[in-house]
Amino acid sequence: MKALLLVAHGSRKQSSNEEVETLSLKIKQLLTSEFEIAECGFLELAQPLIPEAIDRCVALGATEIIVVPYFLSAGRHVVQDVPEEVEKGQKNNPDTLIRISNYLGARDEIANLLIKSAIEA
């Protein structure tokens, strides 16, 4: 069973964390046959942290997890911190295949979304 794990930074502002949780719920509603599970996790400042979110996916039956970094640029968090936290989750779940996709800001569609947002303003 394959899981999509949306990973965000986390915030002291609870409403920001709730936005990520809401996005995760929207993803669950849109799931195709490619993924059976969708969850979210945070790098810091919110729960569940990335290793705990990986554990949650495995508890739900995931044998493969694709971690999707919800970040706009390839800063330290994307390049170093998220992979380190994923590695902690991997150590807890050695029989689970865990891969990290490219971060959101690397997607070509972002330019079109920004233009659409500007048009709708």
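This briefing walks through the strands, cores, largest pocket and a few individual residues of the structure above. Please keep in mind that the model is predicted. Strand β1 (2–8) is a good place to start: six bridges join β1 to β2, and six bridges join β1 to β3. The largest nonpolar core has 18 residues, and about 330 Å³ of space lies in the largest pocket.

**How the strands pair**

- β1 and β2 run parallel, with six bridges between them.
- In this pairing, leucine 5 stands opposite glutamate 39 of β2.
- β1 and β3 also run parallel, and six bridges join them.
- Here alanine 3 is the residue opposite isoleucine 65 of β3.
- β3 pairs in turn with strand β4 (residues 97–100): the two run parallel and share four bridges.
- Isoleucine 65 appears again in this pairing, where it stands opposite isoleucine 98 in β4.

**Strand β2, covered on both faces**

- Strand β2 covers residues 37–42, and six of its six residues are buried, so the rest of the structure largely encloses it.
- On one side of β2 are Ile37, Glu39 and Gly41, and on the other are Ala38, Cys40 and Phe42; all of them are buried.
- Alanine 38 belongs to β2 and has a relative accessible area of 2%. Buried means under 20%, so alanine 38 counts as buried.
- Beyond its neighbours within four places in sequence, alanine 38 is in contact with Leu4, Ser24, Ile27, Lys28 and Leu31.
- Alanine 38 and glycine 10 are 28 residues apart along the chain, and their C-alpha atoms are separated by 17 Å.
- β3 is mostly covered too, with five of its six residues buried.

**The nonpolar cores**

- Which residues have the most contacts inside the largest nonpolar core? They are Leu5 and Ile65, in a core of 18 residues.
- The elements giving two or more residues to this core are β1, α2 (50–59), β3 and α3 (76–92).
- Among the elements, α2 gives the most to this core, with four residues.
- A second, separate core has nine residues, including Phe35, Cys40, Ala46 and Ile66.
- Leucine 5 touches many residues even when those up to four places away in sequence are not counted; among them are Glu39, Cys40, Gly41, Ile50, Ala53, Ile54 and Cys57. Its contacts also include Ile65, Ile66, Val67 and Val68.

**The largest pocket**

- The space in the largest pocket comes to about 330 Å³.
- It is lined by 15 residues, of which Val68, Tyr70, Tyr103, Leu104 and Arg107 are the closest to its centre.
- Two or more lining residues come from each of β1 (2–8), α1 (14–30), β3 (64–69) and α4 (109–120).
- Which element gives the most to this lining? That is α4, with three residues.
- By class, the lining has 11 nonpolar, two polar and two charged residues.

**The loop between β2 and α2**

- Most residues other than glycine have a negative phi, and most peptide bonds are trans. This loop holds a residue of interest on each count.
- Leucine 45 lies in the loop between β2 and α2, and its phi is positive, at about 70°, although it is not a glycine.
- Leucine 45 has 43% relative accessibility and counts as partly exposed.
- Proline 48 is also found in the loop between β2 and α2. The peptide bond from glutamine 47 to proline 48 is cis, with omega near 0°.
- Arginine 12 belongs to another loop, the one between β1 and α1. Its C-alpha is 5.9 Å from that of leucine 45, although the two residues are 33 apart in sequence.
- Arginine 12 is exposed, with a relative accessible area of 75%.

**A charged residue in helix α3**

- Is aspartate 81 buried or exposed? At 9% relative accessibility, aspartate 81 counts as buried.
- Aspartate 81 sits in helix α3. Leaving out residues up to four places away in sequence, aspartate 81 touches Leu43 and Arg76.

How values were computed: Residues numbered from 1 in each chain as written. Predicted model: local features only at pLDDT ≥ 70, side-chain atom pairs only at ≥ 80, totals over all residues. Heavy atoms only, no water. 1 Å grid on protein atoms, 1.4 Å probe; cavity = no way out; pocket = protein on both sides within 12 Å on 5 of 7 lines; lining within 4 Å. Points joined across faces, edges and corners; volume = space filled by probe spheres on them. Nonpolar A, V, L, I, M, F, W, Y, C, P; charged D, E, K, R; others polar. Core = buried A, V, L, I, M, F, W, Y, C linked by side-chain atoms within 4.5 Å. Buried < 20%, exposed > 50% of the residue type's maximum accessible area, 1.4 Å probe, protein only. Contact = heavy atoms within 4.5 Å. Pairing = 2+ DSSP bridges.
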